[in-house]
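Welcome, and thanks for opening your viewer. Let's walk through this model one selection at a time.

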Amino acid sequence: LSALNALREISRPADLPNLVSFLLDADDSEQRAAARSAALTCAQRIDDKDGRAKPFIQALENARPTAAVSLLQALGTLGGGTALEAIRKSVSNADEQIKDAALRSLFGWQTSDVLDEVFIIAEKSPNKIHQVLALRACIRLLGLSSTRGPEETVQLFEKALTLAQGNNEKKKVLSGLAYVSHPSALKLAQS
């Protein structure tokens with residue numbers, strides 16, 4: 001672990017494939033976490049988002065489920081178009097552990113590009129935990145900057161409110177709605 005922590009500090013972009021290999025070969029969760037941290041730190045030294053994700057995506061193809069989970073977590077942190085493609089592909093993986101990690105990476109995505117598909121998961125997932133996490137992700141994503149106008153944002157919050165299954169979730173939706181400056185937001189909150 002000390003070696004991986006040192007590599008995190010001194011690694012160069014050319015070292016990224018080797019750090020991803022360490023992640024694949026890690027024997028336990030502590031080693032995987034240290035290897036993921038070192039690989040992420042190294043990857044973030046690469047300006048091209050798609051280029052930095054490439055070693056993780058290549059490793060994902062043949063990774064054991066536990067390593068695939070770490071790779072998907074890393075891709076969710078890195079962001080970028082190719083990382084998102086890999087995450088989307090993994091959402092339909094037959095292995096529940098990989099599918100769960102892909103969904104959680106999708107729910108934590110940094111841009112509102114995934115909002116529509118996350119809403120679909122909140123509506124239709126047979127897994128109640130994924131429904132709740134997706135709804136929370138929708139609320140967070142609605143708060144991010146986008147090209148949508150305030151009226152459309154209010155409509156999406158209204159949709160989220162219909163998906164909220166308990167008072168706690170409804171409070172979270174209304175809390176997010178409070179940041180929308182539009183008369184219809186106040187109307188929705190009062191209804």
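What percentage of the residues of the protein count as buried? Of its 191 residues, 44% do. Keep in mind as you look around that this is a predicted model.

**Stop 1: the whole chain**

Start with a cartoon view of everything. You should find 12 helices and zero strands, so to speak an unbroken α-α-α-α-α-α-α-α-α-α-α-α when read along the sequence. Rotate the C-alpha trace onto its principal axes and the protein spans about 55 × 35 × 25 Å. If you like contact maps, draw one here: among contacts between residues at least 6 apart in sequence, 61% join residues at least 24 apart.

**Stop 2: the nonpolar core**

Next, select Phe56, Leu75 and Val118 and show their side chains. In the largest nonpolar core, which has 64 residues, these three touch the most other members. Now colour helix 5 (residues 65–78), the source of the largest share of this core, with eight residues.

Stay with Phe56 for a moment. Which residues is Phe56 in contact with, leaving aside its neighbours within four places in sequence? Add Leu16, Val20, Ala39, Leu40 and Ala43 to your selection, then Leu71, Ala74, Leu75 and Leu78, and you have the set.

**Stop 3: helix 10**

Move on to helix 10, residues 150–163. Try the distance tool on its end C-alpha atoms: they are 20 Å apart. That agrees with expectation, because 14 residues at 1.5 Å a residue should span 20 Å.

Which residues of helix 10 are buried? Select Thr153, Val154, Leu156, Phe157, Ala160, Leu161 and Leu163. Turn the view until you look down the axis of helix 10: the buried residues fall within an arc of 165°, so they line one face of the helix. To see what that face meets, show helix 8 (115–124), helix 9 (128–142), helix 11 (167–177) and helix 12 (183–190), against which the buried residues of helix 10 pack.

**Stop 4: the largest pocket**

Finish at the largest pocket, where about 260 Å³ of space lies. Select its lining: Ile57, Leu60, Glu61, Ala68, Thr82, Glu85, Ala86, Lys89, Ser90, Asn93 and Ile98. Then colour helix 4 (49–60) and helix 6 (81–90), the elements that give two or more residues to this lining. Which helix supplies the largest share of the lining? Helix 6 does, with five residues.

Definitions and conventions:
Residues numbered from 1 in each chain as written. Predicted model: local features only at pLDDT ≥ 70, side-chain atom pairs only at ≥ 80, totals over all residues. Heavy atoms only, no water. Core = buried A, V, L, I, M, F, W, Y, C linked by side-chain atoms within 4.5 Å. Buried < 20%, exposed > 50% of the residue type's maximum accessible area, 1.4 Å probe, protein only. Helix = DSSP H or I, 4+ residues; strand = E, 2+ residues; numbered from the N terminus. Contact = heavy atoms within 4.5 Å. Expected span 1.5 Å × (residues − 1). Arc of directions from axis to C-beta. 1 Å grid on protein atoms, 1.4 Å probe; cavity = no way out; pocket = protein on both sides within 12 Å on 5 of 7 lines; lining within 4 Å. Points joined across faces, edges and corners; volume = space filled by probe spheres on them.
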